[in-house]
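Me: I'd like a close look at one part of this model, the salt bridges. Could you walk me through them in one go?

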Amino acid sequence: MSDILNYSLADFFYNDNPDILSPPDDFMQWINHPRVKHSFTFFEQQLLAAPRISTEILSNIDNKKRKIINLTSYNYLGLSSHPEVIQAAKEALDKYGLGASGAPLLSGTYDLHVKLTRMMAEFKQKEDCLIYSSGFGGNLGAIQGIMRKGDVLILDEKCHKSLVDGGTLAQVKMRFFEHNKPESLASMLEKSKGARTMVAIEGVYSMDGDLVKLPEIAEVCEQYRAPIYIDEAHSTLMFGENGRGVAEHFGLEGKIGVSFGTFSKSFGGVGGFVCANAEIIRYLKGYSSPWNFSCAPSPPVVGGLIKALEVATRDSTLRDRLWENTAYLKKGIQAMNLDIGETESQIIPIIIGSSGEKLMHFAAEIQKRGLFLQPVDFPAVPANARRFRISVSAQLTREEMDRSLNIIEDVIARGLKGEALEI
Ligand SMILES: Cc1ncc(COP(=O)(O)O)c(C=O)c1O
């Protein structure tokens, strides 16, 4: 392994070590190499308080506590630590205890779960809803519950791993279409003629922040009579006049067969929801294993989520602030001539190119200066488009944004020009 730095996690998936409890022989050699170790420094750093904008981490760089401006959490609307949400979660904790202590079918369904389920179905304008303890588990469960061996799941190539793994679990044939290209989708649908087929897309794509081209995609799906399964993990509560998501934004909610989302992003909690017609939800209850063979969501979380939905939808204050902040940060970053790709949302990538070394060097420097902005490396993104990824929050103040922009300019913009930092 002379070219050790050219390897990535993508190279060690297959394992022919005869001892099944050992990784591939050269995996440990690779992962323990000091420069590879350094590139993992940025993962699993401990937050020491709520994921607010001003918070504290235990930095893996020097094992010191560090006060930081947090541009990395998915707490887009600040609901994770909203006082009303915390209060509702505390009340649910006092009344119901910590865990649901049962799967939904047997003893894990509480009045709180029924309330949230109804609220979500109404909010998403679908007949019914199922809620899951995990967003990832929800995608697995909904796809595995709906689809059968021999069916075809056609996915945008940038779809999240949970959608792909749902297809694997369901043992369906999976076909991928070129990102957001309706003509590529049409050709996959053409190949799938005769099979039961569903098309999976996302509202906002999480690595690039671009929106699904829903009008064009929906038109193709309609032509082939293929239902749309949309994952609105990064768009629910933020897009659309009423915050219902990207489908509302485009005025195309009626074209969506299954509306999925997670409670771990804008809601500030954890879990997943799937909204669809009442009959398929009823059917899912029989066959969606991550729902009927897993403990129901924890009551304090559900209590908090009910309040989070109320707070986010009673008016547009939080959404409006999020979009003001997004516009401000985007403008500031674009003024530095940095590449933010095709983002149209609160996810702003700063694409720095192919150098993993630069990425990690900038990441360390940024953090030392008090900004928590995580690097995203290959294979999570293409090797020539390594990046930082800003998650904008409604909670950011002008002062926090200006401080963040200064650090980004000093480290990334000047660093890429070779001015400030030696790489
Ligand atoms: C599009 C999308 N779907 C599903 C998930 C999984 O959700 P969770 O983290 O809530 O399990 C994620 C997580 O980041 C995601 O980005």
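To start with, which residue forms a salt bridge with Asp208, and how far apart are the closest N and O atoms?

Reply: Asp208 pairs with Arg387, and their closest N and O atoms sit 3.0 Å apart. Keep in mind that this is a predicted model. Asp208 lies in the loop between E7 and helix H8 (214-224), while Arg387 belongs to strand E14 (residues 386-391), so the salt bridge ties together parts that are 179 residues apart in sequence. As for burial, the cut-off is under 20% relative accessible area. Asp208 has 14%, so it counts as buried, and Arg387 is buried too, at 3%.

Now for another pair. Arg196 makes a salt bridge with Asp151, with 2.8 Å between the closest N and O atoms. That one also links distant parts of the chain, 45 residues apart: Arg196 is in the loop between helix H7 (182-191) and strand E7 (197-202), and Asp151 is in the loop between H5 and strand E5 (152-156). Here the burial is mixed: Arg196 is exposed, at 53% relative accessible area, whereas Asp151 is buried, at 6%.

Then there's Arg369 with Glu365, whose side chains meet at 3.3 Å, N to O. Arg369 is partly exposed, with a relative accessible area of 37%, and Glu365 counts as buried at 18%. Both residues belong to a network of salt bridges that also links Asp410 and Arg414.

For context, a search of the whole structure turns up 19 salt bridges, and the pairs above are among them.

Notes: Residues numbered from 1 in each chain as written. Predicted model: local features only at pLDDT ≥ 70, side-chain atom pairs only at ≥ 80, totals over all residues. Heavy atoms only, no water. Salt bridge = Lys/Arg side-chain N within 4 Å of Asp/Glu carboxyl O. Helix = DSSP H or I, 4+ residues; strand = E, 2+ residues; numbered from the N terminus. Buried < 20%, exposed > 50% of the residue type's maximum accessible area, 1.4 Å probe, protein only.
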